[in-house]
Amino acid sequence: MLNRSGFALPARTTSAVDWADMLQAHFVALDVADIGDSRFTGSVRSQSIAHLKVSSVDATSQRIERNSTLIDSDGCDFLQIGMIRRGEAIVRQDDRECVLSRGDFAIYDTSRPFDWIVNGDPHDDQWSLEVFTWPRALISLAEHESAGLTAVRFDGRSGMSGVLGRFLHDLATARSAFDSGGACAVADEVGDLVSVIARTTLGSAPATAGRSLMPEIDRFIEDNLADPDLTPTTIATAMLISTRQLHRLFAESRKTLSRSIRVRRLEKCRRDIVASVAVDRSLGQIAQRWGFTDLTVFSRAFKEQYGVSPRQYRAAAAERSGDVRAVTRPHRTSDQE
């Protein structure tokens, strides 16, 4: 339920039994354990900024776990940032562990098991956490990059991570509403900032032997997305490895190479559609620019990824923009549903 400002009204409970269901309703399927305080209270408040979900969570000490069984049950694939505002937390994922205190944050991925042990303030056992959730496909961070950054402590008060931390906190606490066009831009820009800071951190971390080639592979794919002839064979040849080895590297991240390329191309197209509502550029031109030679295939893939057709997405973006040229643009026969 939303109030007039577009914020979800807080969901509260004093029942530890209902708490896991409330967390699932706002995030993903989770197991909750080790709630020792008989005076348990918990609340969640969320708002959506386009495809970015911003949530504030308050509760008493507990352990929150996402295991393989829960992952298989809902299949949710999100990249999340959790920032401690009160209390402290231990975060575990991908064979790493970090400790977070006030202002610190960590990245975690809902497609792999993770574990949060959250301890409340000693005075009243209460903790507060701000959570930022993006669909995994809409973050320009490769699978091996995110896997190298989960359960790593980011200082939310200093350095570049501090810039991101302060901005994220402002998003969580601000009451101002964005129009739809502005919301989409903000969600994209914040996601890009996360990617840049994450890559900076990854650059100082040692590469694992099995993934040392992945940054170069990702750069090659990114640089050649517009080429319709980009294939596993051309990528493997450029990297001087076999196609079998190439596919194996992607399989380690539980993703296929072809899907990775398609998702990246679709995201480039989505951003171009938003950016082109007031200029004379057809969907066909946008699709071809990013390697889709068949507009019907592009339209079908776009709808599968985002839930609406490219035409519907552009119409909504045009209406939200308030630009007369965008709203009154004549129907194009080359634009597919």
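I count Ala, Val, Leu, Ile, Met, Phe, Trp, Tyr, Cys and Pro as nonpolar, Asp, Glu, Lys and Arg as charged, and the others, Gly among them, as polar.

I am working on a predicted model, where local features need pLDDT of at least 70, side-chain atom pairs count only at pLDDT 80 or more, and totals for chains, interfaces and linings use all residues. I number residues from 1 along each chain as its sequence is written, and side-chain values use heavy atoms, with hydrogens and water left out.

**Cavities.** I looked for cavities (on a 1 Å grid over the protein atoms alone, sets of points where a 1.4 Å probe fits but cannot get out). I found two of 30 Å³ or more; a volume is the space filled by probe spheres set on the points, which are joined across faces, edges and corners. The largest cavity has about 150 Å³. Its lining (residues with an atom within 4 Å of a point) holds 14 residues. Nearest the centre I noted Phe27, Leu30, Ile64, Tyr108 and Leu129. The split is 13 nonpolar, one polar and no charged. Strands β10 (114-119) and β11 (126-135) each supply at least two of these residues. Strands are DSSP runs of E, at least two residues, and helices are runs of H or I, at least four, numbered from the N terminus.

**Pocket.** Next I checked pockets (open sets with protein on both sides within 12 Å along at least five of seven lines). The largest has a volume of about 730 Å³. I listed 30 lining residues, with Ala137, Ile139, Ser140, Leu141 and Arg264 nearest the centre. Helices α3 (143-147), α5 (180-203), α6 (214-223), α9 (257-275) and α11 (295-306) give two or more residues each. Helix α9 gives the most, eight. Here I recorded 17 charged, nine nonpolar and four polar residues.
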